[in-house]
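Dear colleague,

Please find below the structure that I am handing over to you, together with its sequence. My findings follow beneath it.

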Amino acid sequence: MSLPPLVEPAAELTVDEVRRYSRHLIIPDVGMAGQKRLKNAKVLCVGAGGLGSPALLYLAAAGVGTLGVIDFDVVDESNLQRQVIHGQSDVGRPKAESAAASVREINPLIDVVVHNEVLTTENVMEVFSQYDLIVDGTDNFATRYMVNDAAVLLGKPYVWGSIYRFDGQASVFWAEHGPCYRCLYPEPPPPGMVPSCAEGGVLGVLCASIGSIQVNEAIKVLTGIGEPLVGRLMIYDALEMTYRSVKVRKDPECVLCGKNPTVTELLEDYEAFCGAVSAEAQEAASGSTITAAELKSWQDAGENVYVVDVREPNEYEIVSIPGAVLIPKGEFLNGSALERLPQDKKIVLHCKSGARSAECLAIVKNAGFSDAVHVGGGVLSWIKTVDPSLPAY
Ligand SMILES: [Zn+2]
């Protein structure tokens with residue numbers, strides 16, 4: 001389905017702009033009119049991370065006249081493997097500022113708007129309303145649903161992308177012309193079921209594969225050329241090197257964009273909607289969570305503890321807490337871990353950040369290990385508070 005251009009053309013291009021964009025101008029489908037539309041376009045990139053990095057670079061180079069970037073995070077060394085908009089000297093710098101500096105270097109003819117803040121239910125409507133189109137480069141379900149809901153409520157199209165290890169997906173969600181994210185995924189996955197890139201890893205170059213699809217779609221929607229990914233989900237497999245697209249229909253019963261919507265404003269709390277950890281895990285962890293420093297002092301005092309790392313073997317290989325035994329979460333889910341736990345020691349579980357270990361804690365406590373505990377903040381907290389010489393990943 002081809003759609004009319006989203007943006008009206010700017011009055012004219014300057015001589016500098018004509019020179020800079022000449023390779024666009026000589027493509028008949030883009031031409032002067034298309035480039036003027038890009039000049040007039042206001043695009044917001046949510047996140048200057050894996051997907052935001054290539055997206056911002058190419059949106060800037062393409063001549064999108066107003067380019068916004070919202071990110072609250074600072075550049076970390078572990079970002080540089082894929083977040084190519086930042087460099088070594090940017091480590092410790094706010095990502096939004098670092099990204100804006102790169103964008104200005106690539107194209108000084110465009111306006112960059114820096115939103116160095118967390119996107120929240122308080123500001124999302126106000127921020128989005130300043131733009132024609134959103135590029136969603138977020139990496140968590142709570143923000144994803146919030147981006148979708150805000151875009152639908154404001155009637156704005158947005159280009160969505162997601163990445164994990166070697167797999168990527170992308171689509172254009174525009175409720176006026178097709179489905180929204182909730183039509184495709186009516187409910188967030190159960191907590192802990194879908195690992196994040198921080199937990200499972202991501203091939204760096206996958207970000208470019210998916211981020212460039214997002215820019216491609218943004219340009220098509222802004223200028224009204226080609227067949228945008230509205231109503232289609234693009235699925236990319238980097239190992240097989242296949243792209244396939246599947247139809248996504250608008251769900252007439254969608255709670256947000258369907259015939260009788262029940263979600264007519266933003267939810268109060270998207271974190272709660274997506275449930276960072278399940279109710280069982282929360283209950284198990286309540287009163288049974290220790291700090292990394294407490295674990296260290298128990299170990300130093302020679303307490304009778306059995307420390308279990310519930311992460312995956314490759315994570316354990318990167319960094320582990322001294323003395324911890326590796327039993328991946330899957331073995332707790334299928335029950336085989338339980339027979340490996342000693343009855344005469346206090347069980348201490350940990351993972352990377354505390355979410356997976358809380359899920360396992362619920363299983364362990366149900367099996368009768370009533371004094372078992374888990375380490376809040378996991379191995380990341382251990383690195384921060386006990387041994388900063390270890391690599392955070
Ligand atoms: Zn919908």
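I begin with Thr66. Apart from residues within four places of it in sequence, Thr66 makes contact with Ala41, Lys42, Val43, Asp111 and Val113. Please bear in mind that this is a predicted model. Thr66 lies in strand β2, which comprises residues 66-70. Its relative accessibility is 16%, and because buried means under 20%, Thr66 is counted as buried.

The metal site may be of particular interest to you. The zinc ion is coordinated at 2.3 Å by the SG atoms of Cys180, Cys183, Cys254 and Cys257. The angles among the four donor atoms run from 93 to 121°, and the site of the zinc ion is tetrahedral. Along the sequence, the donor residues follow the spacing C-x2-C-x70-C-x2-C. Of these donors, Cys180 and Cys183 are both buried.

A further part of the chain carries an annotation. According to UniProt, in an unreviewed entry, residues 301-391 are covered by "domain: Rhodanese". In the model, 34% of the chain over residues 301-391 is helix and 16% is strand. The C-alpha atoms at the two ends of this stretch are 25 Å apart.

Asn314 belongs to helix α14, which spans residues 313-318. With a relative accessibility of 45%, Asn314 counts as partly exposed, since that class lies between the limits of 20% for buried and 50% for exposed. Asn314 and Gly200 are separated by 114 residues in sequence, while their C-alpha atoms are 9.4 Å apart in space.

Turning to the protein as a whole, the model contains 17 helices and 13 strands. The C-alpha atoms fill a box of roughly 80 × 50 × 40 Å along the principal axes. The radius of gyration is 23 Å, which agrees with the value near 21 Å that a compact globule of 393 residues would have.

Of the 393 residues, 50% count as buried. The protein exposes about 17900 Å², and carbon and sulfur atoms supply 52% of that area. Among contacts with a separation of 6 or more, 68% are between residues 24 or more positions apart.

With kind regards

Methods. Residues are numbered from 1 along each chain as its sequence is written. This is a predicted model: local features need pLDDT of at least 70, side-chain atom pairs count only at pLDDT 80 or more; totals for chains, interfaces and linings use all residues. Side-chain values use heavy atoms; hydrogens and water are left out. Donors are N, O and S atoms within 2.8 Å of the metal (3.2 Å for Na, K and Ca); water is not among the atoms, so sites may look incomplete. Four donors count as tetrahedral if all angles lie between 85 and 135 degrees; four count as square planar and six as octahedral if opposite donors are over 155 degrees apart and all others between 65 and 115; anything else is irregular. Buried means under 20% relative accessible area, exposed over 50%, partly exposed in between (1.4 Å probe, protein chains only). UniProt positions are given in the numbering used here, feature names are shortened, and annotations may be inferred rather than shown by experiment. Helices (H or I, at least four residues) and strands (E, at least two) are DSSP runs, numbered from the N terminus. The radius of gyration is taken over C-alpha atoms; the globule rule is 2.2 Å times the number of residues to the power 0.38. Contact means heavy atoms within 4.5 Å. Accessible areas come from the Shrake-Rupley method with a 1.4 Å probe; for residues, only the protein chains shown count as cover.
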